[in-house]
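Hi there,

Here is the structure you asked about. Have a look first, and my notes follow underneath.

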Amino acid sequence: MRLLKALLCCLLLSFGLQLSAQSVVDSLRIDVSLRDDGSAAVTEVWSIDVQGSITEWYLVEDNLGRMDIRNLRVSDETGIEYVSEGTSWDVDRSRAAKAGRCGMVRKSNGYELCWGVGSNGRHVYTVSYDMTGLVKSYTDADGFNHMFVTRGLGSSPENIVLCIRKQGLILTSANTKVWGFGFNGQIDVLEGAVKCWTTEPFTQRSAMIAMVCFEKGIFTPDLSYDKSFEDVKAAAFDGSDYHDDSAPSLIDKLIGLIFAAVTALIGYAAVMSVVRTRRRRKELLGGVSPKDVMWYRETPVGGDLKEAYSVFKAFENSTLALERLIGAYITRLYYKGALSIVPQEGGKPALRVNEYDVSNPSSSTDISLENRLYGFFKAAAGSDMILQQREIKRWSAAHGKELYEWQQDVPEAKSIWAMTPVEAQQVFGLRNFLRDFTLIQDRGVVEVGLWNNYLIYASLYGIAEQVYKDFKKVCPEYFVLAQNQMGTQELAPVVIHDTIGNTSRYFHRSALNYASGQSSGSVSWSGGGGTTSFGGGGGFSGGGFGGGGR
């Protein structure tokens, strides 16, 4: 009996020592940078107090399907980059053999991402990898439902923050809807990004699942599925707090049947409208797609940027179209002499705001929009009339309402029933001409005014960098003639993109931020952010069960 008690005490002592020796995860920060093709650069920062005899830390990335994980990289608080062993990671090695090394273990439908812990004590591990196919294309929207932190972690993080951004675009409640599952916390669209964080301790039953829906046009995902995002939502909402589970009454059911019938009729009408719209677009472009329209070498629609923008947006409803219109106006103001680019000692070039007569009000909406932009520049520049990038950023951040009101005055996309084939073919004909510029043998005489317009419209189409490089390659004499005729300096690529490009982005994003703040009252079930649901989240990609020290 005494022997049995002694053995029991030893077992309890051993168990207690194991508990006391368990590693503690102080915090976890996950940053996800989304790319146009739906892939993502993921960085996870794990702050861990390593204890016990574990030799490595590992993360579970299961349920990948057509997705993939590549380019695992790990470093620690010393800044040392760990040696990568690719997918040849050997779990059965000593701590010393794994120290300073990382790798992946391939599973049936995913991976384990592994690295050596090195030694006991507090460490900060920065884990980076590329994930393909995170954002998928669905019939009605693009998005994902992904588990970023698994259930059953050996050591639960005390707090977790997830931040999801899109390269070159500010995310707002207008173009992004969000929901969170598997943990107690918050998820919102804040400061141009999706942000998700815990508000209560994470447990082994917890998981961090983020479901995000983007409007069409933001991404061109490599992965596409022949179903709607509504189907994804339905699977995720099952068992979640996003439902109203109260039983419907008989009247509710009758109303639902009537509503379904009306919806079916509306759906049929919508389908027929889409068919007629596609047929009309093809008629406007002479029976071909936009990329096959014949070249047009002159300035389209009489040089009216607002009108060209309206035609272009009716065909290609990109969220960046308005930002590009701002860039085109800035480029045109430059060629009109209202703005110039001046070098700065020890820094990047800056915009100089020159005296420019806007006293005569114009009946043209196009010129009125341009003149108001010029007024913004003049206000931001201050007494020295030199507009530094930091001044542009600071002024636009403080004047979101004015910029929003300017954008509201930009006409909507022109109705395809109101435009003419000549307008549509001129707009897309010039774009195709500029895209194919290096292939054109007979470019004719260099007319500086016309070629300036080419660069203005290249900004509207979002291909200014390519067109500039093409001009430099096949016709360097343009820059000599432009400098002689206009007295301007040559525009270097850094000037175009750091000065004009950044300015248009600052203006556009500040307007979006203002609009987002005005609509912040959205409730969580509609995708406007708010409290997460511990239940639900089914149909997720990634994640799985397990992970931590071993």
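To start with one cysteine: is Cys102 buried or exposed? Cys102 is buried, with a relative accessibility of 0%. Please keep in mind throughout that this is a predicted model.

You may also wonder about disulfides. A pair of cysteine sulfur atoms has to lie within 2.5 Å to be counted, and by that rule the total is 0 disulfides. For Cys102, the closest cysteine sulfur belongs to Cys114 and sits 9.3 Å away, so the two are too far apart for a bond. Cys163 is another buried cysteine, at 1% relative accessible area.

Now for the chain as a whole. The protein chain has 550 residues, and 48% of them are buried. Its secondary structure comprises 14 helices and 22 strands. Among contacts in the chain with a separation of 6 or more, 76% link residues 24 or more positions apart. The accessible surface is about 26,200 Å², with carbon and sulfur atoms contributing 54% of that area.

A word on confidence, before you zoom in. The mean pLDDT of the chain is 82, and 80% of the residues reach 70 or more. Residues 1–20 have pLDDT below 50, and this stretch makes 0 contacts in the model beyond near neighbours in sequence. Residues 519–524 also stay under 50, but here the model has 11 contacts beyond four places in sequence. Where pLDDT is low, the predicted coordinates should not be read in detail.

Best wishes

Methods:
Residues are numbered from 1 along each chain as its sequence is written. This is a predicted model: local features need pLDDT of at least 70, side-chain atom pairs count only at pLDDT 80 or more; totals for chains, interfaces and linings use all residues. Side-chain values use heavy atoms; hydrogens and water are left out. Buried means under 20% relative accessible area, exposed over 50%, partly exposed in between (1.4 Å probe, protein chains only). Helices (H or I, at least four residues) and strands (E, at least two) are DSSP runs, numbered from the N terminus. Contact means heavy atoms within 4.5 Å. Accessible areas come from the Shrake-Rupley method with a 1.4 Å probe; for residues, only the protein chains shown count as cover. pLDDT is the predictor's confidence in each residue, from 0 to 100.
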